[in-house]
Structure formats: structure tokens, C-alpha cells
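User: Please take a close look at one part of this model, the charged side chains that pair with one another. I would like a connected account of the contacts and of how exposed the residues are.

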Amino acid sequence: MEVVVAVDERGRVLIPGEVRRRLGIRGKSKLLLRVRNDGVIELVPLDKLYKEVSRIFEDKFRDWREESHDASRILIETMR
């Protein structure tokens with residue numbers, strides 16, 4: 001989806017309603033504004049970014065147990 005938007009004199013950009021609905025953006029939603037090296041501006045809804053990062057952590061650490069972590073093992077041995 002591509003839409004043309006205007007920047008007002010105060011630097012504000014209005015995100016069209018159809019785009020907000022499609023992405024689940026509501027009042028008080030937080031967006032990450034990223035400026036790439038090639039001069040492109042990206043807006044990423046933070047809740048989407050949070051869900052993606054959470055999924056990656058869950059996949060990566062699914063079988064991880066704190067008691068088997070080296071730091072936990074050293075602490076337990078020190079406390080004996």
C-alpha cells in the first residue's frame with residue numbers, strides 16, 4: 001500500500017484512516033521513526049516490533065533453564 005501524505009508547517013504528517021485501521025494504530029499509539037542511511041523514513045508500530053522481538057526471544061530461549069545457566073550454577077556453588 002502506498003499513499004501520498006503532506007507535511008504541515010509544524011512538521012506533522014497525518015496517517016490516513018485506512019492505513020491506521022490496517023495497522024491497528026490508534027490515538028496514543030507509539031511508532032518507531034527510523035531514518036535510513038539512504039534518506040528513507042520508516043515508521044514501525046512499536047507493538048508490532050514488540051511482538052516480533054518477543055517471538056524471536058521465545059523461539060531462541062525455548063529450552064533455556066535458568067538453573068543450567070553458568071551464572072546460576074556459580075552462584076549456587078558459592079552459596080554452598
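Analyst: In this predicted model, a salt bridge joins the side chains of arginine 34 and glutamate 42, with an N to O distance of 3.1 Å. Arginine 34 has a relative accessibility of 34% and therefore counts as partly exposed. Glutamate 42, at 22%, also falls in the partly exposed class, because buried is reserved for values under 20%.

Glutamate 42 has a further partner: arginine 36 forms a salt bridge with glutamate 42, and the closest N and O atoms lie 3.0 Å apart. Arginine 36 is partly exposed, its relative accessible area being 35%.

From arginine 36 the chain of contacts continues to aspartate 38. The side chains of these two residues, arginine 36 and aspartate 38, meet in a salt bridge at 2.7 Å, N to O. Aspartate 38 has a relative accessible area of 52% and is classed as exposed, because that class takes values over 50%.

Taken together, Arg34, Arg36, Asp38 and Glu42 are linked in a network of salt bridges. Within it, glutamate 42 pairs with arginine 34 and with arginine 36, while arginine 36 also pairs with aspartate 38. For the structure as a whole, the count of salt bridges is four.

Methods
Residues are numbered from 1 along each chain as its sequence is written. This is a predicted model: local features need pLDDT of at least 70, side-chain atom pairs count only at pLDDT 80 or more; totals for chains, interfaces and linings use all residues. Side-chain values use heavy atoms; hydrogens and water are left out. Buried means under 20% relative accessible area, exposed over 50%, partly exposed in between (1.4 Å probe, protein chains only).
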